[in-house]
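Good morning, and thank you for making time for this presentation. I would ask you to keep the display open while I speak.

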Amino acid sequence: MAEIWGVQVFRNKQKEYILDHWNAIETQPATTLTSLFEENPDRVAQFSHEQSGIYFDFSKTHLEKGLLENFLKLAEDKGLADQIEALMTGVAINISEERAAEHTAERGIGAETSVENARLLKNRMQGLVQAIEAGVLGDIEHIIHLGIGGSALGPELLLEALKIGDEKYETAAISNIDGSALEPVLERFDAHKTLLVVASKSFTTAETFLNARSVIEWMTEQGVSDPFGKIIALTAMPEKAVEWGIDESRILPFSETVGGRYSLWSSIGFSVALTLGMEVFDDLLAGAAEMDQHFKDTSFDQNIPVIAAFCDQYYSQVRNCETRAVFAYDERLKLLPDYLQQLEMESNGKSVMADGKPLDRHSSPIVWGGVGTDAQHAVFQLLHQGTHLVPVEFLAVIEPGHLLAEEHHHGLLLNCFAQGAALMTGKKSDDPNRNYPGDRPSVTLLLDDLDGKTLGALIAFYEHRTFANAVLLGINPYDQFGVELGKEMTNALLADDGNQMDPSTEILKNRAFPA
Ligand code: F6P
């Protein structure tokens with residue numbers, strides 16, 4: 001622990017010093033966004049960055065020279081550079097589970113053996129993709145990808161964002177235990193032409209296996225002679241997949257050191273590679289690797305994930321913002337808020353630090369969002385005039401994803417830009433109902449195009465921003481013990497062994513399932 005979370009170890013020596021930097025950040029007099037623009041004609045140039053086909057505009061946040069300097073000192077005190085080095089060289093930074101967090105090794109950056117291992121496993125995946133394309137598993141038209149959390153949200157986001165409509169396979173990703181999610185897919189798909197992909201890092205998750213059993217039952221009922229012969233398993237526990245009845249040749253393992261919510265780059269991306277093609281998958285990895293290099297090699301005053309984390313910490317700790325909203329002005333990215341919710345909230349929604357001590361600041365903000373322009377007609381009232389200050393993140397893509405008249409895309413993008421401007425400048429009125437206070441921050445990410453490479457870089461940006469936030473807070477972002485109690489209690493209810501829960505829960509259970 002000493003070398004990994006060095007700041008924790010040197011805490012006694014450096015505590016006052018670190019508090020000084022938080023103190024300087026917290027006590028810095030606030031300047032309005034419009035004044036920041038008036039005072040600094042170069043503000044846009046100074047607070048915008050470009051990387052891998054994405055333009056990041058932080059100029060409509062309250063970040064300015066003094067604040068940035070204090071955050072840079074805080075980052076230094078927190079050992080951020082060493083932590084990034086540790087992350088990218090395979091040090092066991094996930095100290096509660098005593099393992100490394102090696103998602104970057106999937107992209108070619110990490111400990112030599114892990115990079116090589118990831119490369120070999122990717123080759124294996126590619127081999128299976130090619131074999132299926134060559135018809136080894138018969139005529140496949142439909143793919144059911146079963147998984148939940150990190151084993152579903154990433155693949156679903158990628159499939160939705162990058163599909164172009166002429167794919168050879170129709171792929172449905174199902175996660176929920178609710179049969180209403182799976183049933184319509186079974187009604188639509190041809191069991192004889194369906195490939196079942198079971199994605200589970202632990203190969204134990206209840207929802208995934210109930211769904212898998214239902215799909216196997218459906219295949220059997222439909223007369224598929226060997227349903228297990230049509231199953232692919234994606235897991236870090238290949239021995240469990242063998243035990244469950246899957247032939248070793250159809251198991252695609254990945255390393256246990258790749259966290260669930262960081263796993264879309266591993267064999268968990270198999271359904272993506274099969275549906276969209278191996279080239280698209282390779283582009284994703286290449287785009288992510290570019291962002292990895294940027295995060296690893298760029299000084300913090302120009303480092304995009306780090307600057308984003310400074311903004312996050314400023315709004316969270318200094319302005320007490322409890323949420324951050326993400327609006328994708330592109331239907332193709334409609335699943336991004338869901339994906340980010342798991343990435344950020346499961347990683348940093350904690351109240352203990354990596355050293356086990358209580359966290360004395362706000363942890364991850366609640367991440368929420370939607371798509372523009374729909375959200376403008378639903379939730380933007382609160383953003384413009386409500387009592388909560390909500391930092392907003394806008395995403396838009398310059399190249400449209402459709403062939404309809406230009407007005408659609410033109411209108412979409414200009415709506416996006418107008419919202420950021422309106423939040424910032426506001427509009428004074430003597431009529432309080434029509435007064436817009438303004439000074440509400442936003443960040444805009446403008447993508448040149450939505451392709452594999454850019455999306456890979458975008459997702460890696462979010463991963464590294466989450467890590468930078470974790471380091472500034474002293475949190476280990478790579479475990480998730482908070483979800484275990486709910487699983488335990490579900491199992492206790494399912495066991496129905498006579499043990500009583502609280503009266504409210506007992507009544508709910510008895511109403512739903514009378515004896
Ligand atoms: O319950 C939370 C969680 O463990 C996530 O962290 C994970 O992404 C998800 O469940 C699914 O887990 P698995 O891939 O092991 O089925």
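**Ligand contacts, salt bridges and strand pairing**

I begin with the ligand. A polar side-chain atom of S202 lies 2.6 Å from an oxygen atom of the ligand. For S200, too, a polar side-chain atom is placed 2.6 Å from a ligand oxygen. With G150 the contact comes from the backbone: a polar backbone atom there is 2.7 Å from an oxygen atom of the ligand. How much of the ligand does the protein bury? The ligand taken alone exposes 400 Å², and 87% of that is buried by the protein. Please bear in mind throughout that this is a predicted model.

The surroundings of the ligand comprise 13 residues, of which G150, S151, S200, S202 and T205 are the closest. Sorted by class, this shell holds 8 polar, 3 charged and 2 nonpolar residues.

I turn now to the salt bridges. A search of the whole structure returns 28 of them, and I have selected three for discussion.

The first pair is E26 with R361, whose closest N and O atoms are 2.9 Å apart. This pair links distant parts of the chain, 335 residues apart: E26 belongs to helix α2, residues 11–27, while R361 sits in the loop between α15 (336–348) and β9 (366–371). E26 has a relative accessibility of 33% and therefore counts as partly exposed.

The second pair is E116 with R119, where the side chains meet at 2.9 Å, N to O. Why are these two residues separated by about one helical turn? Because they are 3 residues apart in helix α7, which covers residues 112–133. E116 has a relative accessible area of 35%, so it is partly exposed. R119 reaches 43% and likewise counts as partly exposed.

The third pair is R324 with E344, a salt bridge of 2.7 Å from N to O. Since R324 lies in strand β8, residues 323–329, and E344 in helix α15, the bridge ties together parts that are 20 residues apart in sequence. Are these two residues buried or exposed? R324 is at 4% relative accessibility, and the cut-off for buried is under 20%, so R324 counts as buried. E344 also has a relative accessible area of 4% and is therefore buried. Salt bridges with shared partners join R324 and E344 to D312, E393 and R465 in one network.

My last topic is strand pairing. Strand β1, residues 48–51, and strand β2, residues 54–57, run antiparallel and are joined by 4 bridges. Within this pairing, S48 stands opposite D57. The hairpin they form has 2 residues between the strands, and S52 there takes a positive phi near 50°.

Strand β2 also pairs with β11; these two run antiparallel, with 4 bridges. One of the residue pairings here sets F56 against L445. On the parallel side, 6 bridges join β11 to strand β10, residues 392–397, and F394 has T444 as its bridge partner.

Why is β11 described as largely enclosed by the rest of the structure? Because 6 of the 6 residues in this strand, residues 442–447, are buried. Both faces are covered, with S442, T444 and L446 buried on one side and V443, L445 and L447 buried on the other.

That concludes the presentation, and I welcome your comments.

Methods: Residues numbered from 1 in each chain as written. Predicted model: local features only at pLDDT ≥ 70, side-chain atom pairs only at ≥ 80, totals over all residues. Heavy atoms only, no water. Near = heavy atom within 4 Å. Polar contact = N/O pair within 3.5 Å; in protein donor to acceptor, adjacent residues only side chain to side chain. Areas by Shrake-Rupley, 256 points an atom, 1.4 Å probe, with all protein chains shown as cover. Nonpolar A, V, L, I, M, F, W, Y, C, P; charged D, E, K, R; others polar. Salt bridge = Lys/Arg side-chain N within 4 Å of Asp/Glu carboxyl O. Buried < 20%, exposed > 50% of the residue type's maximum accessible area, 1.4 Å probe, protein only. Pairing = 2+ DSSP bridges.
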